[in-house]
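Me: I am new to this structure and would like a close look at a single part of it. Please take your time and connect that part to what lies around it.

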Amino acid sequence: MHMLNLGILAHVDAGKTSLTERLLHTVGVIDEIGSVDDGNTRTDSLALERQRGITIKSAVVSFAIDDLTVNLIDTPGHPDFIAEVERVLGVLDGAVLVVSAVEGVQAQTRVLMRTLQRLRIPTLIFVNKIDRGGARDAEVLERISERLTPAIVPMGEVGEPGRRGAYFTAYPAARLRPHLLDPLAEHDEELLAAYVEDKVSYERLRAALVAQTGRAQVHPVFFGSATTGAGVTELIGGIRELLPVARADAEGPVSGTVFKVERGAAGEKIAYARMFSGTLRTRDRLALRDGEEGKVTAISVFDQGSAVPEACVTAGRIGKLWGLGAIRIGDTIGEPRPSPAGEHHFAPPTLETVVSPGRPADRGALHLALTRLAEQDPLIDLRHDDLRGEISVSLYGEVQKEVLQATLADEFGIDVLFRETTPLCVERPLGTGASVEFNKKDPNPFLATVGLRIEPAPIGAGVEFRLEVELGSMPYAFFKAVEDTVQEALGQGMHGWQVTDCTVTMTHAGYSPRQSHAHQGFDKSMSSTGADFRGLTPLVLMDALRAAGSQVYEPMHRFRLEVPADTLGAVLPVLARQRAVPGTTRMRGSSCVLEGVLPVVRAHGLEQRLPGLTRGEAELECAFDHYAPVARDAIPDRPRTDLNPLDRKEYLLNLTRRFGG
């Protein structure tokens, strides 16, 4: 049996979930097609998804095409839920990218396509809604070539676009042949030579199309309508013929990846895992993070639309696993595989807000509820401020905040309030700084010697910890305590933001060996412990960062704005007030297209203002691009949630209060 794990990706409202319903109906899994508007689709199972008509969580359904079993994963389209898409990408064998024939290529479409190309995931493109008024099949195909990739192969043509009776006709061999030659020859010199010599058969071109689609070098384009079913049969044929089946070794070592975690009716954790190798069985024991172990108590696999209980899940399949209480999204099942699946493919959240319960008595329940939601979405990234009794959450946008508020009310019965959304900045060191404190020398109250140097690293490098002292100069546990504490302490820099893109080098190390009084046990007052290194490291690190200096950077979007030319005079002052910086301006017919950069925190405000300024005709695309330095006179400080190592006296006092002694 052949398997294909297929992702359906698109910008919001492109018709992705409707296409999933149509696919399931066409292959005979469901008798009646669900409607997003009616809230009865197969994959939007959450009550909130049905109410809002958008996909929030990824969902898996299964169907068969001849001897091929397809696990189809419907993913969110709204950019606020891009983290959910990210987790799915690492488990896909292929993808269908849906583009609306009416709205065309959107900002989110471009973000998704760039990521699919970077990960080399074989992708078909389906231009949906050819039956809708305003459908522009030829223009959208041109935009796909211009703004997504020129490596496309139109597989047919549209008849009567924009009408209820719109249809898609696949090209016969003679008409498809000229569309195949140029994009395929780009990656095949032998094919190009044979073409020049007029020795290329259609069969050879078709075989090259299959091979190059499987290597993500070209992207076949189909047209159709999820509403009427036009073109869907041809798309199913393309999925069967053009996308590569899962490479799987059922006899190999157990290896898989968890891409989704949910809670069952009894509150138990259920992990969704794609198996790449081996066979996982019930009662198998698995090593989990932090040295914990779990036993698989039950397994379901997807078959003909739903999950069915099985004794095992084999390589190439997706299984639902019970019994793994410590499992988290991104965890490896069995042996890790060399893959970018654990890396971030999209930008991290760039906004945050403080969430508080409407009733003070719900504070404990809110903490538990947010912790559970963070299990399902690690990028929520809870931040606890015990001093102020506050919890902050990271966000991609305002819609995500609204969904979080509704989820807490519907699923946990907790009404919450949010503060104004603020940008999630980062800090980077400006130069090199160093500091050292020696064991048993004032003012160091800890039985430890720690010396650290911090210096800038290239943008995107993250944090690297290095040793300039011999690893054997003291117990490894003390080095590990320093490294772990450095990573934790860099979560809050001079202005309270996470410090990144730097190298931290340990330059000095020393400790007091284990000592005891005669015939007595270990004397903590005379011997170094891990607590000494964990307590001293933040003081040394912040002194080094203070010497280096730090710069705060705010997240910036790159925007593309198309407005009627006669409204430009009204739009430009608003752009200036939102601190947008246009880079290029060009005319496109009666419209003006501006491209530039905009602070992320101002994007929502601009989006709200544009319809009234442009008669509702503005088209705004925004996507995270980079972090930009904040002006020195406008540096935002973030309230600290740690013991504040920037103030030595306060730090030591808080440390004593928290841990005693």
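Leaving aside its neighbours within four places in sequence, which residues is T507 in contact with?

Reply: The model shown here is a predicted one, and T507 has its place in strand β30. Apart from neighbours within four places in sequence, T507 is in contact with G451, L452, R453, E468 and V469. T507 has a relative accessible area of 17%, and because buried means under 20%, T507 counts as buried.

To see where these contacts come from, it helps to look at the sheet. Strand β30 belongs to an open sheet of 4 strands, which stand in the order β26-β27-β30-β28 with mixed pairing. The edges are taken by β26, residues 433-437, and β28, residues 463-467, and each of these has a single partner strand, so one side of each is left without a neighbour in the sheet. On average, and with direction ignored, neighbouring strands of this sheet are turned by 15° against each other.

In the order of the sheet, β30 stands between β27 and β28. Strand β30 covers residues 502-511 and runs parallel to β28, to which 5 bridges join it. L467 stands opposite M506 of β30. On the other side of β30 comes β27, which spans residues 448-456, and the contacts of T507 include G451, L452 and R453. A helix also belongs to this picture: α13, made of residues 530-548, lies across β26, β27 and β30, and its direction is at about 35° to that of β27.

With that part in view, the rest of the chain can serve as a setting for it. The protein has 16 helices and 34 strands, and 54% of its 661 residues count as buried. Of the contacts between residues at least 6 apart in sequence, 73% join residues that are at least 24 apart.

Another open sheet offers a useful counterpart. This sheet has 7 strands in the order β2-β3-β1-β4-β5-β9-β6, and its pairing is mixed. Its edge strands are β2, residues 59-65, and β6, residues 152-154, each of which pairs on one side only. From one strand to the next, the twist averages 25°. At one end of the order, β2 is joined by 7 bridges to β3, residues 68-74, and the two run antiparallel; within this pairing, F63 has V70 of β3 as its bridge partner. Two helices pack on this sheet: α4, residues 107-118, touches β1, β4, β5 and β9 and makes about 160° with the direction of β4, while α5, residues 137-147, touches β4, β5, β6 and β9 and makes about 165° with the direction of β6.

Strand β9 of this sheet deserves a slower look. Of its 5 residues, 5 are buried, with H219, V221 and F223 pointing one way from the strand and P220 and F222 the other way. On one side, β9 pairs with β5 in the parallel sense over 3 bridges, and F126 stands opposite F222. Strand β6 is likewise joined to β9 by 3 bridges and runs parallel to it, with P154 standing opposite V221. F222 and F223 also form one aromatic cluster together with F168.

Further along the chain, helix α14, residues 568-577, can be read by its two faces. L568, V571, V574 and L575 are buried in this helix, and seen down the axis of α14 its buried residues fall within an arc of 125°, so they line one face. The face turned away from that buried side carries the exposed residues G569, A576 and R577. The cover over the buried residues of α14 includes β31, β32, β33 and α15. Just after the helix, R579 takes a positive phi of about 60°.

Some side-chain arrangements complete the view. Among the 7 aromatic pairs is the edge-to-face pair of F259 and Y272, with 6.2 Å from centre to centre and 65° between the planes. F259 lies in β10 and Y272 in β11, so this pair ties together parts that are 13 residues apart in sequence, and both residues are buried. Charged groups meet rings as well: the charged end of R428 sits over the ring of Y553, 4.5 Å from its centre, and K441 lies over the face of F438 at 5.4 Å from the ring centre.

Notes
Residues are numbered from 1 along each chain as its sequence is written. This is a predicted model: local features need pLDDT of at least 70, side-chain atom pairs count only at pLDDT 80 or more; totals for chains, interfaces and linings use all residues. Side-chain values use heavy atoms; hydrogens and water are left out. Two strands pair if DSSP finds at least two bridges between them. Axes are lines fitted to C-alpha atoms, for helices over the stretch in contact, and angles run from 0 to 180 degrees between N-to-C directions. Contact means heavy atoms within 4.5 Å. Buried means under 20% relative accessible area, exposed over 50%, partly exposed in between (1.4 Å probe, protein chains only). The arc is that of the directions from the helix axis to the C-beta atoms. Rings of Phe, Tyr and Trp (its six-membered ring) pair if their centres lie within 6.5 Å; planes under 30 degrees apart count as stacked, over 60 as edge-to-face and the rest as tilted. A charge sits over a ring if NZ of Lys or CZ of Arg is within 6 Å of the ring centre and within 35 degrees of the ring normal.
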